Amino acid sequence: MSPAPAAVEVVDLVKSYGANRAVDGLSLNVPAGSVLALLGPNGAGKTTTVEICEGFRRADSGTVRVLGLDPTDPSLRPRVGVMLQDGVGGYTGATAVELLRLFASYAARPQDPGELLEIVGMSSVAGTAVKRLSGGQQQRLSLALALVARPELVFLDEPTSGMDPQARRGTWDLVRALRADGLTIVLTTHFLDEAEQLADTVVVMDGGRIVGQGSPAELTRSGAEGQIRFRAVPSLRLESLVAALPDGTVAAEEQPGRYLVTGDVTPQLLATLTAWCAAQEVMAEDLAVERRTLEDVFLELTGRELRA
């Protein structure tokens, strides 16, 4: 089975602002019909990369192809949707439905504005002026504007910023539905759980370069040992426990009666651990298997210091 064609292809992209190289030889590939999440601390180069792909900025060097074309090609405009982080721009006097109808009038085969407002949960405020909408409502309207022309590819910049938990989950469901319909989605987000929930591929940037990429499962599994924590009587004979477990497994008593087992956590290791405890007539309580989160991976790749 041949791989899906690339909806976005970036090769050796470079973009500088004076002495600052915002993007430094970046290459990435977004297969058609997939969701890619672009992560990174402030100043990592995410926004510059996406703006070049959207055709808003020009690269200094490298190759960028969007749906097989140069990002600045006018024929891409009806095929690509863009949801900007600052929402709906300067159309604050119009109502939500008026603004969506205006954008629909530019499209060859637009979605029905009323139906689209219902999809993003905005029907009840369709007649409300944009300037009177909450930040989360403006975000949902911005998402509707990005989708009204039925694009093949959509860029979502911090799509759930400012949304309440219900709207956020609803947006996640919408992104999943769009992907199921074959839409390609590139999103930037600071919500790591959002990337973990939605993305087929996560790309982590720092200093204008890619420092990690893969599926959420690959990133959280790669190079990481699993952990098992449990509670029991203090001062277990850990040498005996380690001898019973697979090679490479480590056990430690972090606090009196609180134990941490680190290694390749498999059903067999878990069974061996509990069997050893049973043989010692020890009850392993509060036993929990843990794994790295995407946040753990992100901090390992980009550091833990605050960024301006």
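In what order do the six strands of the open sheet stand? I opened the predicted model with that in mind, and I read the order as β5-β6-β7-β3-β8-β9, with mixed pairing.

**Entry: the edges.** I looked next at the two ends of the sheet. β5 (80-83) and β9 (209-214) are the edge strands. Each has a single partner strand, so one side of each is left without a neighbour in the sheet. I also checked the twist: neighbouring strands are turned by 15° against each other on average, direction ignored.

**Entry: β3 and β8.** I then went to one pair inside the order. Strand β3 (residues 35-39) and strand β8 (residues 201-206) run parallel, and four bridges join them. Within this pair I found Leu38 opposite Val203 in β8.

**Entry: a helix on the sheet.** I followed the contacts outward from here. Helix α10 (residues 294-302) packs on the sheet and touches β3, β8 and β9. I noted that the direction of α10 makes about 30° with that of β8.

**Entry: the largest pocket.** How much space lies in the largest pocket? I get about 770 Å³. I count 32 residues in its lining, and the closest to the pocket centre are Arg77, Val80, Gly81, Val82 and Phe103.

**Entry: who lines it.** I sorted the lining by element. α1 (46-54), β5 and α4 (135-147) each supply at least two residues. The largest share, four residues, comes from β5, which I had already met as an edge strand of the sheet. By residue class, I logged 22 nonpolar, six polar and four charged residues in the lining.

How values were computed:
Residues numbered from 1 in each chain as written. Predicted model: local features only at pLDDT ≥ 70, side-chain atom pairs only at ≥ 80, totals over all residues. Heavy atoms only, no water. Pairing = 2+ DSSP bridges. Axes fitted to C-alpha atoms, helices over the stretch in contact; angles between N-to-C directions. Contact = heavy atoms within 4.5 Å. 1 Å grid on protein atoms, 1.4 Å probe; cavity = no way out; pocket = protein on both sides within 12 Å on 5 of 7 lines; lining within 4 Å. Points joined across faces, edges and corners; volume = space filled by probe spheres on them. Nonpolar A, V, L, I, M, F, W, Y, C, P; charged D, E, K, R; others polar.
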